[in-house]
Structure formats: structure tokens, C-alpha cells
Amino acid sequence: MNQHVSTEVHVSSVKQLVVVWIGLMFGTWLTVTASNIDLGSLNIWIGLAIATGKALLVGLYFMHLRWDKPFNAFVFAVAFLLLFLFIGFTLMDSAHYQVNVIPGYSPGMGG
């Protein structure tokens with residue numbers, strides 16, 4: 001039985017990897033900068049958005065998902081969606097009892 005097996009290998013250029021690394025360093029700087037700005041409960045969403053962008057860069061370029069089979073990208077996207085959903089449910093739940101956890105604490109009021 002003669003079956004064709006694809007043996008194509010994708011090799012990323014050094015220039016491309018350096019550009020992605022610079023993007024990750026910019027994301028790290030953005031995370032640190034955003035953490036110093038008090039936006040109340042919006043800080044967690046900004047941090048999660050930056051982290052998601054950085055994780056996508058790592059997944060697409062360093063894990064080579066950009067050149068992989070579409071099914072693997074689908075599984076990766078579903079995993080991110082579920083992670084976002086579970087974190088969102090956790091944050092919505094904790095918002096209801098957060099005032100009782102730390103007496104006198106009011107989120108978004110700067111202290």
C-alpha cells in the first residue's frame with residue numbers, strides 16, 4: 001500500500017522570531033505599565049487581554065500553530081475560549097462575596 005506522508009517542516013526565520021520576541025517584550029512592558037495605573041475592576045480585564053495576546057504570539061509562532069493543521073488551531077481556540085469562560089465565571093462569582101472577604105474593602109475606589 002502506497003501512502004503519501006507529508007514530511008514538510010516549517011523553519012522560522014531569525015528575523016521573524018526576533019520580531020515576535022520584541023512583541024513579547026513590548027507586551028511585558030505594557031503589562032507592567034498597566035499595573036501601575038489604577039482603573040479599578042478594569043485592571044484585571046486589561047491584564048487578561050495583554051496575557052492573551054502574548055499567549056497567542058507564543059502559540060502561533062514559537063509552537064508553530066500558524067503552520068499546523070487547522071484542527072489543532074481549532075482545539076487551541078476552544079481551549080482559550082473555555083479558559084476565558086472559566087476565569088470570567090470565577091470573577092463574576094468572586095464579585096458577589098468580595099466585600100465580605102475583606103472588611104471595609106470597596107473595589108474600584110482606590111484603596
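Here is a short briefing on the fold, surface and aromatic pairs of this protein chain. The model is a predicted one. The protein chain holds three helices and zero strands, and its elements follow the order α-α-α from the N terminus. Of its 111 residues, 9% are buried.

**Overall picture**

- Among contacts with a separation of 6 or more in the protein chain, 60% join residues that lie 24 or more positions apart.
- The protein chain has an accessible surface of about 8,900 Å², and carbon and sulfur atoms contribute 70% of that surface.

**Helix H2 and the loop after it**

- Helix H2 covers residues 42–62, which makes 21 residues. From first C-alpha to last, H2 reaches 30 Å, close to the 30 Å expected at 1.5 Å a residue.
- If you want to look inside, the buried residues of H2 are Ile50, Gly59 and Tyr61.
- His64 follows H2 and sits in the loop between H2 and H3.
- The backbone of His64 deserves a glance: its phi is positive, near 60 degrees, in a residue other than glycine. For context, most residues other than glycine have a negative phi.
- His64 has 30% relative accessibility, so it counts as partly exposed; the partly exposed class runs between the 20% and 50% limits.

**Ser12, ahead of helix H1**

- Ser12 is found in the segment before helix H1 (14–35).
- Is Ser12 buried or exposed? Its relative accessible area is 14%, so Ser12 is buried, the cut-off being under 20%.
- Leaving aside residues up to four places away in sequence, Ser12 touches Leu17, Tyr61, His64 and Trp67. Two of these partners have already appeared: Tyr61 is among the buried residues of H2, and His64 belongs to the loop between H2 and H3.

**Aromatic pairs**

- Searching the whole structure gives four aromatic pairs, and two of them are described here.
- Trp45 and Phe84 have ring centres 6.0 Å apart and planes at 65 degrees, so this pair is edge-to-face; the class needs an angle over 60 degrees.
- The Trp45 and Phe84 pair links distant parts of the chain, with Trp45 in helix H2 and Phe84 in helix H3, 39 residues apart.
- Both partners are partly exposed: Trp45 has a relative accessible area of 36%, and Phe84 has one of 47%.
- Phe71 and Phe74 form a tilted pair, at 6.4 Å centre to centre and 35 degrees between the planes.
- Phe71 and Phe74 are three residues apart in helix H3, so about one helical turn separates them.
- Phe71 counts as exposed at 58% relative accessibility, and Phe74 counts as exposed at 51%. The limit for exposed is over 50%.

**A nonpolar patch on the surface**

- Which residues make the nonpolar surface patch of about 880 Å²? They are Phe71, Phe74, Val75, Val78, Leu82, Leu85, Phe86, Phe89 and Met92.
- The patch includes Phe71 and Phe74, the two residues that form the tilted aromatic pair.
- Leu82, another residue of the patch, has its place in helix H3 (residues 70–101).
- With 38% relative accessibility, Leu82 counts as partly exposed. Residues of a patch need over 30% relative accessible area, so the 38% of Leu82 meets that condition.

Notes
Residues are numbered from 1 along each chain as its sequence is written. This is a predicted model: local features need pLDDT of at least 70, side-chain atom pairs count only at pLDDT 80 or more; totals for chains, interfaces and linings use all residues. Side-chain values use heavy atoms; hydrogens and water are left out. Helices (H or I, at least four residues) and strands (E, at least two) are DSSP runs, numbered from the N terminus. Buried means under 20% relative accessible area, exposed over 50%, partly exposed in between (1.4 Å probe, protein chains only). Contact means heavy atoms within 4.5 Å. Accessible areas come from the Shrake-Rupley method with a 1.4 Å probe; for residues, only the protein chains shown count as cover. Patches are made of residues with over 30% relative accessible area and no salt bridge: like charges are joined within 9 Å, nonpolar side chains (Val, Leu, Ile, Met, Phe, Trp, Tyr) within 5 Å. A salt bridge is a side-chain nitrogen of Lys or Arg within 4 Å of a carboxyl oxygen of Asp or Glu. The expected span of a helix is 1.5 Å times one less than its number of residues. Rings of Phe, Tyr and Trp (its six-membered ring) pair if their centres lie within 6.5 Å; planes under 30 degrees apart count as stacked, over 60 as edge-to-face and the rest as tilted.
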